[in-house]
Amino acid sequence: MIDVRVLLGVGEVARRCGVTIATVHFYEAKGLIHGQRNAGNQRRYPREMLRRVALIKVAQRLGIPLANIHAALQTLPENR
C-alpha cells in the first residue's frame, strides 16, 4: 500500500513543481501553502501541496493576484 502522508522536503517540492526553493518559501510565507518541521528542524510538506503549487502557478499566469488566490485557497477543506 502507498503511504499518502509522505512528507516532501522543500527541494523536492520545488523540483516537482518546477519552481525555485525561494518560491516555495515565499508561498508559505504568504500563507498559500503550509508545511511542518521535522525533528531535524527541516521543513516538510504533504503531497497535496504539489497540487496547490500547481494551482497557484496557473492562477498567477492568468493574472489573478496572490491575495485572491489566498482567499480562494482558504475556502478549501484542510488537507485538500
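**Reading a predicted fold, starting at His25**

Guide: Let's begin with one residue: His25 is found in helix H2. Keep in mind that this is a predicted model.

Visitor: Is His25 buried, partly exposed or exposed, and why?

Guide: The call rests on relative accessible area, where buried means under 20% and exposed means over 50%. His25 has a relative accessible area of 36%, so this residue counts as partly exposed.

Visitor: Which residues does His25 touch, leaving out those up to four places away in sequence?

Guide: With those sequence neighbours set aside, His25 touches Val10 and Tyr45. You can also compare distance along the chain with distance in space: His25 and Ala14 are eleven residues apart in sequence, and their C-alpha atoms lie 9.6 Å apart.

Visitor: How do I read the overall layout? How many helices and strands are there?

Guide: Count the elements, then follow their order. The protein has four helices and three strands, and along the sequence they run β-α-α-β-β-α-α.

Visitor: Now the interior. What is the general idea behind a nonpolar core?

Guide: In soluble globular proteins, nonpolar side chains tend to be buried together. Here, the largest nonpolar core has 18 residues, and those with the most contacts inside it are Val13, Val24, Ile33, Tyr45 and Ile56.

Visitor: Which elements give two or more residues to this core?

Guide: Those are helix H1 (10–17), helix H2 (21–29), helix H3 (48–61) and helix H4 (66–74). H3 gives the most, with five residues.

Visitor: Could we zoom in on one core residue? What does Val24 touch, not counting residues up to four places away in sequence?

Guide: Val24 touches Val10, Val13, Ala14, Val19, Ile33 and Tyr45 on that count. Val10 and Tyr45 are the residues we met as contacts of His25.

Visitor: How much of the protein is buried?

Guide: Buried residues make up 31% of the 80 residues. Looking from the outside, the accessible surface comes to about 5,300 Å², and 56% of that belongs to carbon and sulfur atoms.

Visitor: What can the radius of gyration tell me about the overall shape?

Guide: Compare it with the value expected for a compact globule. For 80 residues that would be near 12 Å, and the protein has 13 Å, which agrees. The C-alpha atoms fill a box of roughly 35 × 25 × 20 Å along the principal axes.

Visitor: And what about contacts between distant parts of the sequence?

Guide: Take the contacts between residues at least 6 apart in sequence: 53% of them join residues at least 24 apart.

Visitor: Last one: how far apart are the mean positions of the positive and negative charges?

Guide: There are 13 positive and 5 negative charges, and their mean positions are 6 Å apart.

Terms used
Residues numbered from 1 in each chain as written. Predicted model: local features only at pLDDT ≥ 70, side-chain atom pairs only at ≥ 80, totals over all residues. Heavy atoms only, no water. Core = buried A, V, L, I, M, F, W, Y, C linked by side-chain atoms within 4.5 Å. Buried < 20%, exposed > 50% of the residue type's maximum accessible area, 1.4 Å probe, protein only. Contact = heavy atoms within 4.5 Å. Rg over C-alpha atoms; globule rule 2.2 N^0.38 Å. Areas by Shrake-Rupley, 256 points an atom, 1.4 Å probe, with all protein chains shown as cover. Lys, Arg positive; Asp, Glu negative; His and termini not counted. Charge placed at Lys NZ, Arg CZ, Asp CG, Glu CD.
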